[in-house]
Amino acid sequence: GLVGSSGCGVLLTDRDGLVLDQRCGDADAAVFRDWGLWPGADWSEAREGTNGIGTCLAEQRRVTIHRDDHFFARNIGMSCMDAPIFGPDGAIVGALDVSSARADQTEGFNRLIAATVAQTARAIEADFFRASFPEARIVVGDGDEADASVLVAVDRDDLVIGATRGARRAFHL
């Protein structure tokens, strides 16, 4: 809601870069549809070259692709801030993207949005993890990565039955 009202679009993709859902202000909907930032669009690197969604998924890390960092000239008016979303088994399941073509958008503003995107992606991961282990105790751990959810699911016998990607990395699982 906050980002969408600022002239940005928020997209959720699957692990292949296919847009599953998109949110933006009503006044910006036609622009985002024209850019192809709409449900059903393919933003994989194979299809679009360097772009926020495709590069994030290919490299499995958060990225900001600002204007002429894009591969195709038709996309150089956009700034895209992306963070990967990992499933309860540690595998990538999608990406969260915020895209904007505001002429006044600065790289400093992009950093602020990118931090919000990463934090929101981690919240989605944590919710997905908890929903995947409804009967388990969820233990929250400390990790070296500020942008990773460090969660472990433990059963009644205190056996670890699940761990997020952040937990797998932090505890060398």
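**Exercise 1.** Which residues touch the most other members in the largest nonpolar core, and which helix gives the most to this core?

*Solution.* A nonpolar core is a set of buried Ala, Val, Leu, Ile, Met, Phe, Trp, Tyr and Cys residues joined through side-chain atoms within 4.5 Å; buried means under 20% relative accessible area (1.4 Å probe, protein chains only). The model is predicted, so local features need pLDDT of at least 70 and side-chain atom pairs count only at pLDDT 80 or more, while totals for chains, interfaces and linings use all residues. Numbering starts from 1 along each chain as its sequence is written, and side-chain values use heavy atoms, without hydrogens and water.

Step 1: the core has 18 residues, and Val19, Leu37, Trp43, Leu57 and Met78 touch the most other members.
Step 2: elements giving two or more residues include helix 1 (29-35), helix 3 (52-59) and strand 4 (79-86). Helix 3 gives the most, three residues.
Step 3: a second, separate core of 11 residues includes Met81 and Ile113.

**Exercise 2.** How many disulfides does the structure hold?

*Solution.* A disulfide is a pair of cysteine sulfur atoms within 2.5 Å.
Step 1: the cysteine sulfur closest to that of Cys8 is in Cys80, 9.9 Å away, too far for a bond.
Step 2: the structure holds zero disulfides.
Step 3: Cys8 counts as buried, at 0% relative accessibility; Cys56 is also buried, at 0%.

**Exercise 3.** In what order do the five strands form the open sheet, and which stand at the edges?

*Solution.* Two strands pair if DSSP finds at least two bridges between them.
Step 1: the order is 2-1-5-4-3, with antiparallel pairing.
Step 2: strand 2 (19-23) and strand 3 are the edges; each has a single partner strand, so one side of each lacks a neighbour in the sheet.
Step 3: strand 3 is joined to strand 4 by four bridges.

Notes
Buried < 20%, exposed > 50% of the residue type's maximum accessible area, 1.4 Å probe, protein only.
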